[in-house]
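Let's take a walk through this one together, starting with the chain as a whole and ending up at the ligand. Keep the viewer open as you read.

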Amino acid sequence: MSLRIPWAEKYRPKRLNEIIGNRRAALELYRWVLQWTKGIPDKKAALLYGPPGTGKTTAVYAVANELGYEVIEMNASDLRRAQDIDRVIARAVSVGSLFGAKGRIILLDEIDGMSGTEDRGGLSEILRVIEVTRVPIVMTANDPWDPKYRPLRDVSVLIRFNRVNKNIVTKILQNICMKEGIKADLSALRLIAELSEGDVRSAINDLQAIAEGRKVVTVEDVKALIAKRYREYDAFTVLKLLFSSRTSEQARAVLSQSSLDYNDLKEWIHENLPYQYSDPEELAEAYDALAKADVYLGRIVKSQDWGLLSYAIDMMTAGVAMARRHPYHFVKYKFPSRMLILSKTKEVRQIRDRVLERIARKAHISKRGAATEYLPFLRVIFRANPKMAAGIAKWLELNEEMIEYVAGDKSIAKKIVEFIKPQAKTRRRRTQRTLF
Ligand SMILES: Nc1ncnc2c1ncn2[C@@H]1O[C@H](COP(=O)(O)OP(=O)(O)OP(=O)(O)O)[C@@H](O)[C@H]1O
Ligand SMILES: [Mg+2]
C-alpha cells in the first residue's frame, strides 16, 4: 500500500497540450518564458497564484518540458541558507548543463509555505535572487495578497490560476478511469468533482481512495467516503462543543447530537485532553473522569449491564467538561493515534518487518534478535539524539517511513531526516538532480 504511486503524480500532465484546466494561465507562463530568448524582460519573475491543486507546479514543469528546459527547484528551507542561493544562482547562470538542457527555470515553489521568522530572511533572499538572475524565476503561492509579499508582487508578472471547472475535473477523472481500466458512473465522478471545489489534486486523490483496486465505481461508493469524512469532521465539532460547554447539561447533550459513538468519543478525548487543558489540576480531574468512564464501559462489556452506560457518558462528557477552570480556547484537535494505529496496523507491521530485516542483515543477527535486542535501544537513541540516529539510519539504509517507525514519532523522524537531508531533498518530485 505504502508503495503505491499517487495517481495525481502518475497522471500529472507533462506537456502544455495535456493541461486542460487553467490552460490560459499555463500559456501565459509559456509566453513569458519565451520572452527570455529575446533578452531579459522587464519583470524577471513570475508569480503563479491560486488555490491548491489547480496546476501551478504542473504548468512550470510542462512549460520546461515543452522548451527542453531544466527546472531547478528550491524550497522554503533552502532559502533560509543564503549560501545555497548563491550556489544556485552561480549554477543557473553558468554556461552548459549536465543534461544538455537548452535553458533553465528556477522554481521557488510554495513561497507562502514559509512561516514565522524564517520568511523575513527568505523574502529578502528571493528579492535578491530576482535582482541578479539571468534566468526566469517562477514562484508559486496560494495567497500572495499578504502585505509582506508586496515587494515580490511589484517585481513579478502575476499569473492567476482559478479553481478548475467541475466539468473539466470530471473529464480529468474520466481519463484516469479509462487508463486504469475502471468503469465509473458519470454521476459518481461528477460528485467527486463537485466535492473537490476545483482542486484537481484532491479530486484525483479521492478517486484513488475510492477506486483503486476496483473495476467499478458507483455513486454509493462516493457517498460512503463522504459519510466517513463527515464522521471525522463531526468528531472535531463534538470536541469543540464539549470542551467549551458551560454546564453539565450542555456537555451531556453534545454526544446525543452527533453520529460519534461513545467508544470513539473516549479515544478522541483521550488524545486531545492534553492539548485542551494545560493546567495540571484540570488535566488530572479530566483524566480521572475519563478513567471512570472507561471503567464503567469495561463493566458494561463484562456484565452487559447497559444501565451503566449513562454513568459512563456522564463521566466522559460532563465530568471532563466540568474540569475546566480556565476559559475555553481554540486548539487544533488531533485524530486519535490509537485509531490511526488500528487502521494502519497491517502497513505498520510491514514497515516493522523491513526495519528488522535491515538490522538483522547489518548486525548479523536474527530478526527476532533484532526485535528484542536492538529495536528498543534504537528507539531510545532515535528519540534522544537525532544526529546519531541519522548516522545509524543511514548505515541501516532506512527510509523516512522506517525512521518514523523506529522513532515512533513523526516530528522526531523529521528532525532525523533533516540531518540526512542534503541528498534526500533534491529528490523531491521530478526535479532533475543537480550537482552543486
Ligand atoms: N489544470 C490541470 N489540468 C490537469 N491536471 C491538473 C491540473 N491542475 C492540477 N492537476 C492535477 O493535480 C495535481 C496537482 O497539481 P499541481 O501540483 O500543479 O497543483 P498546484 O496548483 O501546484 O497546487 P499547490 O498550490 O498545492 O502546490 C497534478 O499532479 C495533476 O495531476
Ligand atoms: Mg504546487
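What percentage of the 436 residues of the protein chain count as buried? The share is 43%. Bear in mind that this is a predicted model.

Staying with the overall fold, you'll find 20 helices and seven strands in the protein chain. If you look at contacts between residues at least 6 apart in sequence, 74% of them join residues at least 24 apart. On the outside, the chain exposes about 23,700 Å², and carbon and sulfur atoms supply 54% of that area.

Now zoom in on ligand 1. It is surrounded by 20 residues, with A8, G21, K56, T57 and T58 the closest. Sorted by character, that shell holds nine nonpolar, seven polar and four charged residues.

A few polar atom pairs are worth picking out. A nitrogen atom of ligand 1 sits 2.7 Å from a backbone N or O atom of G21. On the side-chain front, K56 places an N or O atom 2.8 Å from an oxygen atom of the ligand, and N142 has a side-chain N or O atom 3.0 Å from a ligand oxygen. Taken on its own, ligand 1 has 620 Å² of accessible area, and the protein covers 96% of it.

Which elements give two or more residues to this shell? They are α3 (56-67) and α10 (200-211).

Finally, step back to the domains. Ligand 1 lies between domain 1 (22-160) and domain 2 (166-229), because both of them give residues to the shell around it.

Note on methods
Residues are numbered from 1 along each chain as its sequence is written. Chains are lettered from A and ligands numbered from 1 in the order in which they are written. This is a predicted model: local features need pLDDT of at least 70, side-chain atom pairs count only at pLDDT 80 or more; totals for chains, interfaces and linings use all residues. Side-chain values use heavy atoms; hydrogens and water are left out. A residue is near a molecule or strand if one of its heavy atoms lies within 4 Å of it. A polar contact is a pair of N or O atoms within 3.5 Å; within protein, one must be able to donate a hydrogen and the other to accept it, and residues adjacent in sequence count only if both atoms are side-chain atoms. Accessible areas come from the Shrake-Rupley method with a 1.4 Å probe; for residues, only the protein chains shown count as cover. Helices (H or I, at least four residues) and strands (E, at least two) are DSSP runs, numbered from the N terminus. Ala, Val, Leu, Ile, Met, Phe, Trp, Tyr, Cys and Pro count as nonpolar, Asp, Glu, Lys and Arg as charged, and the others, Gly among them, as polar. Domain bounds come from an automatic or database domain assignment. Buried means under 20% relative accessible area, exposed over 50%, partly exposed in between (1.4 Å probe, protein chains only). Contact means heavy atoms within 4.5 Å.
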